[in-house]
Amino acid sequence: MVTAKAILSAPTGLHARPAGDLVKLVKSFEGSAVKIGVPGGRSVNAASMLSLLSLGLKSGSELEISVDGGRESEALEAVVSFLESVKD
Amino acid sequence: MKVTGPAVLWERTSADKAVRSFEDAYAVVSGQLSALAEDNPIFEAHLEMLQDPMVTDTVQANMAAGMQPLKALDSAGNAIASMFAGIDDEYLAARVDDVRDIFRRLRDAMTGNSSPQAEFPEGGILVAEELLPSDTSKIDFSKVRGILCAKGSTTSHVCIIARSKGVPIRVGADISGIREGDPVEVEDPLVGGQEEVVSKLRAAGRKVYVNAGSISDIEAGIAAGADGVGLFRTEFLFIGRDSEPGAEEQESIYSQALLSCGGKPLTLRTLDVGGDKRIPYIEIPAEENPFLGLRGVRLTLARPELFRTQLKAVLAAARSVRALRPEWFADQSPLRLMLPMVCLPKEIRQVRAILEDIDPGYRGLVSLGIMIETPAAVLGAEALAAECDFFSIGTNDLTQYVMAADRGNPGVAYLYDSYNPAVQSAVRAAVRAAHSAGIPAGICGELASDPLATEMLVSSGLDSFSLSKL
């Protein structure tokens, strides 16, 4: 398992559209279990839009990402760069 | 229309015996939603939500913890719904209904309880706490005389469907104390009364048009005696698919629409999305205020390839119908192209430039008009009238923008009032500007169908009234 931290860039938080895009990205890494959470809080399955939305992430939130299985480091890098660059 | 009848209480039968496993029910519901999604994009969103891993994971975790399957399902549904209800975002909080609806479907599939209202007594008034979209699909509207709901808004799914079937509905009703069989009454000014409206309009010498969202709407309206179509919404061609319809597909639909009108005017509104209406393959950057953002003609002008394809298809349809029926075009083309959300003369000129570029002889194929929906269009009506061939007042949006009140927000419902003198004075100003420029002005909002508004609107000088249905 590999882990990393990221700061959410989306100015209006992780609402339905960016969450949907993130789910698509995560699903493109078959065999990788991606989890996202806030430090000290629960972490959720990043392939589930409902779970992601349930975190109610605001812009600037600090996030912890972990990837287990599949192309771990590639997936981790893609997810981190998505979270740090997503615009809306 | 006012109807009375015996109350029939909508009971969500609480069958608590599972006859199907969760996995089998999931497959059944997947199938139902895929089929429904073909006609209605709301069910596409439901299908996506059903396929979210959280749904299955939560139910299976509950079962693994030793819960009975039905209990596991109910508990998962409640947990997910309350999670959404707690999110500080109005849009997401409203998804609670969708979540509950999906779990309702799963429960019905597990208990084999698929049509609780199978034996609805003809002529009864359906009384319900709340009707979700999945309930709506089970209602036999040919038997229901009226509907009373305690919860829901007048723009909710059930209201739209009930009214389109001619069934009066009231939401926000006090249903406590109504028992099965009690005589109840439902009054709905938005249903029926059209005979009255039509005869008043005929007596005043105004044109009676009909609004249409499909070819069959056009056929039904013309068969019922409409003088033409005052609003043909083209969105149905664009929704529920992954990519935009091509020029040929659009041309064939627009030709059919023209032919169905039999030479009577067809007012074709160019694609009107944005605001609360989104199409997955037409991306719009996130907006703080979608209703003040890229919608209507603003959006289509910002997507020139998309817009050009539609305009090209419209002109091609007009050309091929003209070849078939030249007599329809002898005096003036029956095809009226209408632009939504226009604020500036420049927007009309931009559209004319595209039309000119596609076919320099386009003026013989279509006339070009605009919807009056914004205060800017009313206050600048004189300059707009100089650039186009007709006005059509969209009272739904005009009311919302004049009063600065969201039509779906119950907190400002007292402001969203098309009868308000400010809105009516906007209507009269637009009509005056049209008439002094020598072009006609019509109305195509819901207010046109309201029998209480007919006299007021006739006196403001409107030339045509496009009714929701005839």
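In the open sheet of chain B, B:Leu148 sits across from B:Arg170 of β4(B). The model is a predicted one, in which local features are described only at pLDDT of at least 70 and side-chain atom pairs count only at pLDDT 80 or more, while totals for chains, interfaces and linings use all residues. Residue numbers start from 1 along each chain as its sequence is written, and chains are lettered from A and ligands numbered from 1 in the order in which they are written.

The pair belongs to a link of 2 bridges between strand β3 (residues 146-149) and β4(B), and these run parallel. Strands here are DSSP runs of E with at least two residues, helices are runs of H or I with at least four, and both are numbered from the N terminus; two strands count as paired if DSSP finds at least two bridges between them. The whole sheet has 5 strands in the order β4-β3-β2-β1-β5 (chain B), is open, and mixes its pairing. Its edges are β4 (169-170) and β5 (183-187) of chain B, each of which pairs on one side only.

Further in, β2(B) is joined to β3(B) by 4 bridges, again parallel, and strand β1 (residues 2-9) of chain B is joined to β2(B) by 3 bridges, also parallel. B:Ile125 turns up in both links: B:Ala7 has B:Ile125 as its bridge partner in β2(B), and B:Ile125 has B:Gly146 as its partner in β3(B). In a regular strand, side chains alternate between the two faces of the sheet. Strand β2 (residues 125-128) of chain B shows this nicely, with B:Ile125 and B:Val127 pointing one way, B:Leu126 and B:Ala128 the other, and all of them buried. Buried means that 20 or more other C-beta atoms lie within 10 Å of the residue's own, exposed means 12 or fewer, and partly exposed is in between, with C-beta atoms placed from the backbone.

Chain B also holds a barrel. Its 8 strands close in the order β6-β7-β8-β9-β10-β11-β12-β13, with parallel pairing. From one strand to the next the twist averages 25°, where axes are lines fitted to C-alpha atoms (for helices, over the stretch in contact) and angles run from 0 to 180 degrees between N-to-C directions. Within the barrel, strand β10 (residues 367-372) and strand β11 (residues 390-393) of chain B run parallel and share 4 bridges, and B:Ile372 stands opposite B:Ile393 of β11(B).

B:Ile372 matters for the packing picture too. The largest nonpolar core has 72 residues, and B:Val314, B:Ile370, B:Ile372 and B:Ala430 touch the most other members. Such a core is a set of buried Ala, Val, Leu, Ile, Met, Phe, Trp, Tyr and Cys residues joined through C-beta atoms within 7 Å. Helix α13 (residues 304-324) of chain B is the biggest contributor to this core, giving 8 residues. Leaving aside residues up to four places away in sequence, B:Ile372 touches several residues, including B:Ala377, B:Phe391, B:Ile393, B:Leu398 and B:Ala430; contact means C-beta atoms, placed from the backbone, within 7 Å. A second, separate core has 46 residues, among them A:Val26, A:Ala46, A:Ala47 and B:Phe103.

Helix α10 (residues 215-223) of chain B has two distinct sides. B:Asp217, B:Ile218, B:Gly221 and B:Ile222 are buried, and they lie on the same side of α10(B) because they cover an arc of only 125° around the axis, taken from the directions from the helix axis to the C-beta atoms. On the other side, B:Ser216 and B:Ala223 are exposed. The cover over the buried residues includes β6 (207-212), β7 (228-233) and α11 of chain B. After α10(B) comes B:Gly225, with a positive phi near 100°.

B:Ser255 is found in helix α11 (residues 247-261) of chain B. Because 19 other C-beta atoms lie within 10 Å, B:Ser255 counts as partly exposed. Beyond residues up to four places away in sequence, B:Ser255 touches B:Ala317, B:Ser320 and B:Val321. B:Ser255 and B:Val321 are 66 residues apart in sequence, yet 6.4 Å apart in space, C-alpha to C-alpha.

Chain A has 3 helices and 4 strands, laid out along the sequence as β-α-β-β-α-β-α. Of its 88 residues, 33% count as buried. The contact between the chains takes 13 residues from chain A and 12 residues from chain B. On the chain A side, helix α2 (residues 49-54) gives the most, with 5 residues.

How values were computed: Contact = placed C-beta atoms within 7 Å.
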